[in-house]
Structures are given as C-alpha cells and as structure tokens.
Amino acid sequence: MVFQKAKKQQYYCGDSYFYMETENDYICAIADGLGSGEFAKESSEIVISIIKDNIHLTIEQLIKRCNEKLNGKRGAVIGILRIDFRSERYSFSSIGNIGVMTISENGKKKRNIPNSGYLAGYHRPFKIVTDELEPLMNFIMFSDGVTDRDLSQRFLLNRNVKHVVQAYAKYTEDELRDDDTTLIAIKYEA
C-alpha cells in the first residue's frame, strides 16, 4: 500500500516508486529527485525506470547503474528493498534520506541508517544491510517527507498495511507538507 503527496500542493511530486513481486522475491524502490518539481520528477523517474527494466540485478548493480544514468542530471536519493523468499532474508540499501523501518510481529521497530549523499554520476560508497525475515514482518519504506514524529505514531504498528496507509493519509490530510512524501507499507508473511 502506498501514500504519496507532493509538497505544498505542487503539481509534480519529485518522488517516484516501484514495487514488484515475483515467484522468488519482492523488490521495492523509492527515488527522490533533488529539489522539487518537474526536474526532480525527471531524475526520480530515470532511477525507477532503470530498476523496472533490470529487476534481476543485485541491489549493488542497480545502484551503480542508476548512478551512471544520472550523470548530468539533477540527481536523486534512492532506497531499494529486496525480499528473497527462498533464503528468507531481506536486503536494503539507501543513498540519501530514503528510509526503511521493520516492525516485527511483537511490535519491535528497527530503523536503518542510510548512507549519506545522492546519486549524480560519480562514485559513491554505500553499504547493503542484509538480515533474516521473521514469519510476520511489516516494512515501512519512506522518503524524507515522512518525519520522525510521523514514524513514532502508534498506527504504524497495525498488522494490516492497508490500515497503516489509510491512517497515515488521515493523519496528514490537513497538513501542507514541507517536502514530497512517499510512504509504502509492505507485509511479509512466511
């Protein structure tokens, strides 16, 4: 389930996202073009189109390919989550301020620490976090429009990801956001 809103009622949202489930895995990505408006959207869409066209690549290969394609563009930050059903593990990497939070069945939250920087065509070191899946686990992926205050809300602990996104939409409906906002709630069941 996805929530997305452009900042301050702008027409273009600089965030783009993609997710796809195959027989063996699930991949989800959020890209946030630097700045806002049409050029930010262009950069984030370039990143997402590369991921869509190359879902078989590793996270490392995807990030490197996205970085190459942004040479001469405004740039973007990125987060990629891959859930491997066969190995029962997940991997996540982000460059810039795209985050992921895991929530276990008992409500324990764990948040990643993104790599600093952004993709713009030059080499950027990054790490990939890999961990075991739990039998019932939710993932919350988000762009920087989602605040720390938003992430502390109790409705994120709801096991039903549709309710999480609906509650987030209601929680933010009367707010003008200072940044483009994307929140994706994903449920994993073994």
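**Notebook: N54, helix α1 and the nonpolar cores**

Entry 1. I began with N54, which lies in the loop between α1 and α2. The model I consulted is a predicted one. I asked whether N54 is buried or exposed. Its relative accessible area is 11%, so I entered N54 as buried, the cut-off being under 20%. I then listed its contacts, leaving out residues up to four places away in sequence, and found that N54 touches L62 and R65. I also looked up its separation from A40: the two are 14 residues apart in sequence, and their C-alpha atoms are 22 Å apart in space.

Entry 2. I turned next to α1 itself. Its 16 residues, at 1.5 Å a residue, should span 22 Å, and I noted agreement because the C-alpha atoms at its ends are 22 Å apart. I recorded the buried residues of this helix as A40, K41, S43, S44, I46, V47, I48, I50 and I51. Against which elements do the buried residues of α1 pack? I found β2 (15–21), β3, α2 and β4 as their partners.

Entry 3. I examined the largest nonpolar core, which holds 20 residues. Within this core, the residues touching the most other members are V47, I51, C66, I78, I80 and L119. Two or more residues each are given by β3 (25–33), α1 (38–53), α2 (59–69) and β4 (76–84). I noted that α1 supplies the largest share, five residues.

Entry 4. I followed I78 through its contacts, again setting aside residues up to four places away in sequence. I78 touches I30, A31, V47, I51, C66, S93, S94, I95, I98 and L119. I then found a second, separate core of 17 residues; C28, I83, I98 and L133 are among them.

Entry 5. I closed with the whole protein chain. I counted four helices and 10 strands, and from the N terminus their order reads β-β-β-α-α-β-β-β-β-β-β-α-α-β. The radius of gyration is 16 Å, close to the 16 Å that the globule rule gives for 190 residues; I therefore recorded the chain as being as compact as a globular protein of that length. Along the principal axes, the C-alpha atoms fill a box of roughly 45 × 40 × 25 Å. I noted that 47% of the 190 residues count as buried. The chain exposes about 9600 Å², of which carbon and sulfur atoms supply 47%. Finally, I took the contacts between residues at least 6 apart in sequence; 67% of these join residues at least 24 apart.

Notes:
Residues are numbered from 1 along each chain as its sequence is written. This is a predicted model: local features need pLDDT of at least 70, side-chain atom pairs count only at pLDDT 80 or more; totals for chains, interfaces and linings use all residues. Side-chain values use heavy atoms; hydrogens and water are left out. A nonpolar core is a set of buried Ala, Val, Leu, Ile, Met, Phe, Trp, Tyr and Cys residues joined through side-chain atoms within 4.5 Å. Buried means under 20% relative accessible area, exposed over 50%, partly exposed in between (1.4 Å probe, protein chains only). Contact means heavy atoms within 4.5 Å. The expected span of a helix is 1.5 Å times one less than its number of residues. The radius of gyration is taken over C-alpha atoms; the globule rule is 2.2 Å times the number of residues to the power 0.38. Accessible areas come from the Shrake-Rupley method with a 1.4 Å probe; for residues, only the protein chains shown count as cover.
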